[in-house]
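What follows is a guided reading of one protein chain, which begins with a single helix and then widens to the chain as a whole.

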Amino acid sequence: GWSAGGNLAAVVSQLARDNGGPALSGQLLLTPVTDGSRKWPSYTGNGAGYILTEPLMDWFWDHYATPEQRKDPKASPLLAKSLAGLPPAAIITGDFDPLRDEGDEYARRLVDAGVPVVHRTYPGQFHGFFTMGKLLPQANVAVREIGDWLKVNGEAIYGTRTAGRSHQWTTGKRQTQEYGEFMVKYNLMDQVGQESKNGVAVKQV
């Protein structure tokens, strides 16, 4: 999911976990909205001049949920009490996106909860940059990395769902190694088993 779609994808992943399915193989969150209850510091530096503005985000939220409703994890998935047991995630954020901090924090909390995460903040990029492949070389890099993540995250390569707990995942040693090799390939880790250069990494289980 992209932007508001990333919000919906994150919420659906939590609902699937909490209601015993359906089983999801992963969650791809592209510059996602994860917290409508507050404005993170990236709003201060990135809230004007980079396509997605602070007033525009206010307009979106005012048409979607009241201030009180935004405190519900179904509107703000970052506010969920636990992110444990969610499917593997790939999260992309942009350096000059007002949503950067809340997306970064969602990645960080997933890692802390033991969820395998690939997270990349693209330097110098703004909200929706990856749709502009004819203008921005980094957009093509992002799309290529997204495609490769989708390939390696398939169940046949990555792992097997635990019987009777469809929303939980186990990871065999071979699958973990392949997942780590993908991270190294795209310069997200220095070597298999090390943390991301962003400080957000695969939390191997």
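In this predicted model, helix α4 covers residues 100–112, and because a helix is expected to span 1.5 Å a residue, its 13 residues should reach 18 Å, which agrees with the 18 Å between its end C-alpha atoms. The buried residues of α4 are Asp101, Glu102, Gly103, Asp104, Tyr106, Ala107, Leu110 and Val111. An α-helix has 3.6 residues a turn, so residues three or four places apart point the same way. The cover over the buried residues of α4 includes the helices α1 (4–18) and α2 (42–46), together with the strands β1 (27–30), β2 (89–94) and β3 (117–122). Just after α4, Gly114 adopts a positive phi of about 90 degrees.

Seen as a whole, the chain has seven helices and five strands, and from the N terminus on these elements follow the order α-β-α-α-β-α-β-α-α-β-β-α. Of its 205 residues, 48% count as buried, and among the contacts between residues at least 6 apart in sequence, 69% join residues that are at least 24 apart.

The surface can be read in a similar way, since the accessible surface of the chain comes to about 9,800 Å², with 56% of it belonging to carbon and sulfur atoms. On this surface Leu56, Trp59 and Phe60 form a nonpolar patch, which together has about 290 Å² of accessible area. Leu56 is found in helix α3, which takes in residues 54–62, and because its relative accessible area is 33%, Leu56 counts as partly exposed, a class that lies between buried, under 20%, and exposed, over 50%.

Technical notes
Residues are numbered from 1 along each chain as its sequence is written. This is a predicted model: local features need pLDDT of at least 70, side-chain atom pairs count only at pLDDT 80 or more; totals for chains, interfaces and linings use all residues. Side-chain values use heavy atoms; hydrogens and water are left out. Helices (H or I, at least four residues) and strands (E, at least two) are DSSP runs, numbered from the N terminus. Buried means under 20% relative accessible area, exposed over 50%, partly exposed in between (1.4 Å probe, protein chains only). Contact means heavy atoms within 4.5 Å. Accessible areas come from the Shrake-Rupley method with a 1.4 Å probe; for residues, only the protein chains shown count as cover. Patches are made of residues with over 30% relative accessible area and no salt bridge: like charges are joined within 9 Å, nonpolar side chains (Val, Leu, Ile, Met, Phe, Trp, Tyr) within 5 Å. A salt bridge is a side-chain nitrogen of Lys or Arg within 4 Å of a carboxyl oxygen of Asp or Glu. The expected span of a helix is 1.5 Å times one less than its number of residues.
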